[in-house]
Amino acid sequence: MKFPYSKARRGQLELIDRIRGVLGSKVFLKAPTGFGKTIVALMSHIHMGKVLYAVRTRNEMSPVIRELRRLGEDFTLIYSAARMCPLNKGGNSHEFWLNCKLLRSRNMCPYYQRLSEVSDDEVLEVLKGEGSTDPHKLVDNIVRRLGVCPFFALSRLVDRVPFIIVTYPYVFRNEVFDTAFDTVGRGDLYLVLDEAHTILNPAMVIDEELDVFTLDKAVKEVKSYRLGSEILGYLQGIMKVFHELRSSMLRRIDKSDILRDPSELFILQDALISLRIAKLRKAISPYELMSSSTALGRVVKFVEYLTQPSFQPYGYVDREGVKVIKVLTPDLKYIRDIVSAFKGALLMSGTLPSEEIIRKVMFSDAIYIDVEKEYGSVFPESNILVAIYAAVTSSYRHRSEEMYSAYRELIKEVAQKLKSGVAFFVYPSYSFMEGVIRELMVEGIRQVAEGYSTTFNDVMQLALKEKKLAVHAVAGGKLTEGLELLDSNGNSLIKVVVIAGVPYPQPDDFIKDLKSRLETSVGREVARKFVMDVQAAVKVAQAIGRAIRSEKDKAFIILADRRFLSRRLRDVLGLKYDIVTSELKEVLKALTEFTCSDAG
Ligand code: SF4
């Protein structure tokens, strides 16, 4: 087995052997982006058995595909079947499998029917021979060139190839896992999990939700298709629960207010089948059938999750005023059980908490490797300069118009000092962000604030077009977790990161439940540290990581909250504080000097 690059980074070859020697254990690997974790993960598993390589998003499959081709290893990839399906142009997903099953049973899906005419070798040839590493293009090519269903063609390869690249739901949702793996169980697979810090908050990994508008539509469907008074009464009972929601924070709902008896789920499922059959009579083509969906289907999926013992309903009113109920598990045991079901697991991230926390909270027998501690800094330490601005705090007790204004001043001055590139401002919540940027005017710089519809591509286009751009984002949100703003040479465009307030989780009922369940096993102190400090530190590290993608990148980091000085947060953050001040002009002076030295 030959390392496929001319030179390995310090620690890479040693790690391959080390991980290989402990396969079957739960190994946590902490290494920053740019270290080359992917090649280490793949090479440590080659010829050792079947590997399920899980990434959070479809786009994150590309580097894995690239490295597997470099290694000459066979692989398959599987993401949402609803998105892969060439007949499902509308993207309907909650009733997707029901529709697909109906089409297959009636021989109405030409892509499925052609599967027997195409060999596994032909599918592998598309995966291996194609220049692009874009999973969407590969799936399109299977449809265009071979004319077959990409989901079934790719999942058929599971038995044959050593590496299976999937998105998270194939790991954490049993019903999704079962769609692709009928001959192979978790116990037959080694798991490699990318961005493994995500699993420390179960709400980031698995949730189901229902909003009041969807429920209302379901009520109308039941009435118009005359599905019976029993089902109507049941849905109206849930509507009453929605009417009582008032808080913008997650509030626990008594499960029995929604699901008194598991038999209610069967009644719902029967009603859904009657509704689907009635709709099917109207659908004349496979495309029409696939695009038809029902609100009742959404309700059924929501209730199905509620029947699982570790799941609990929480309600809230979202930023648009819509009432929503989420079904979440506030129990890390759910995640631990799933990871433990695999033959072994390699859990990788640049922002993992300490070994002590991982062992106490996740697995007492975990093997923990911190690449930078053991093999030295991956990037020069001088590439970031960290300033603490202690004149402000986002603490609830001190939130006032005056405090928003102090943050606004900081942000305005920093944005004005930016010579070129992107200033990334990260807030603890949407409401805090709105409070600060409401009246923020900065001349000569374009601004964009994260919203429901903001996409990576929108921000990337702006960053490439504008000489200077201010991006406002929420910690733990879409942008801080996945944004990559690079120029044509692969250098990061983000020059300054301002963490505008410690991103502690909101003290909602979900967080309280997560904490209280942990307390029983690890005690109050560790539970508090994990639920508050560790979660905040992971979000801060993620946001900073957006700016440093390779050794060429330099960034000025401002941690703008006096609570960053607390011993507890300092311990979990593990950052060297270069400047600590309550004077804005000192922060700005250091920023100017850093920017000048960077330019020089
Ligand atoms: S192409 Fe046919 S078999 Fe494949 S997912 Fe779509 S409906 Fe189902």
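Is E586 exposed, partly exposed or buried, going by the other C-beta atoms within 10 Å? This residue sits in helix α28, which covers residues 584-599. E586 has 14 other C-beta atoms within 10 Å. A residue counts as buried at 20 or more such neighbours and as exposed at 12 or fewer, so E586 comes out as partly exposed. Setting aside the neighbours within four places in sequence, E586 is in contact with I579 and T581. For a sense of scale, try picking E586 and I199 together: the two are 387 residues apart in sequence, and their C-alpha atoms are 39 Å apart in space. Please keep in mind throughout that this is a predicted model.

Let us turn to the sheets. One of them is an open sheet of seven strands with parallel pairing, and its order is β3-β4-β2-β5-β10-β1-β11. The edges belong to β3 and β11 (367-370); each has a single partner strand, so one side of each is left without a neighbour in the sheet. From one strand to the next, the twist averages 15°. Within this sheet, β2 (residues 50-55) and β5 (residues 189-193) run parallel and are joined by five bridges. If you would like one pair to display, A54 has L193 in β5 as its bridge partner. Helix α3 packs on this sheet, where it touches β2, β3 and β4 (163-167), and its direction makes about 170° with that of β4.

Just past β5 there is a backbone detail to look at. E195 lies in the loop between β5 and α12 (202-205). Its phi is positive, about 55°, although E195 is not a glycine. E195 counts as buried, because it has 21 C-beta neighbours inside 10 Å and the threshold is 20 or more. Compare N107, in the loop between α5 (96-105) and α6 (110-113). N107 also has a positive phi of about 55° without being a glycine. Here, however, the residue is exposed, with 9 other C-beta atoms within 10 Å.

Next comes an open sheet of four strands, antiparallel in its pairing and ordered β6-β9-β8-β7. Its edge strands, β6 (208-211) and β7 (251-252), each pair on one side only. Strands β8 (residues 312-317) and β9 (residues 323-328) run antiparallel and are joined by six bridges. Two bridge partners show how they line up: P313 is matched with V327 in β9, and Y316 with V324 in β9. The hairpin of β8 and β9 has five residues between the strands, and there G321 takes a positive phi near 85°. Strand β9 also runs antiparallel to β6, with four bridges between them, and E209 stands opposite K326 in β9. Five of the six residues of β9 are buried, so this strand is largely enclosed by the rest of the structure. Helix α13 (residues 212-224) packs on the sheet and touches β6 and β9; its direction makes about 70° with that of β6.

Now for a helix with a clear inner face. Helix α8 (residues 135-146) has 12 residues and reaches 16 Å from its first C-alpha to its last, close to the 16 Å expected at 1.5 Å a residue. Its buried residues are P135, L138, V139, I142 and L146. Seen down the axis of α8, these fall within an arc of 100°, so they line one face of the helix. The spacing follows a general rule: an α-helix has 3.6 residues a turn, so residues three or four places apart point the same way. Among the elements that cover the buried residues of α8 are α3 (61-71), β3 (75-78), α4 (81-84), α7 (120-129) and α9 (150-155). After α8 comes G147, with a positive phi near 70°.

Finally, look at the nonpolar interior. The largest nonpolar core has 196 residues, and F424, V497 and V498 touch the most other members. Helix α26 (residues 524-545) supplies the largest share of this core, 11 residues. You can explore the packing from V497: not counting residues up to four places away in sequence, V497 touches F424, V426, A543, I544, A547, A555 and I557.

Note on methods:
Residues numbered from 1 in each chain as written. Predicted model: local features only at pLDDT ≥ 70, side-chain atom pairs only at ≥ 80, totals over all residues. Expected span 1.5 Å × (residues − 1). Arc of directions from axis to C-beta. Contact = placed C-beta atoms within 7 Å. Pairing = 2+ DSSP bridges. Axes fitted to C-alpha atoms, helices over the stretch in contact; angles between N-to-C directions. Core = buried A, V, L, I, M, F, W, Y, C linked by C-beta atoms within 7 Å.
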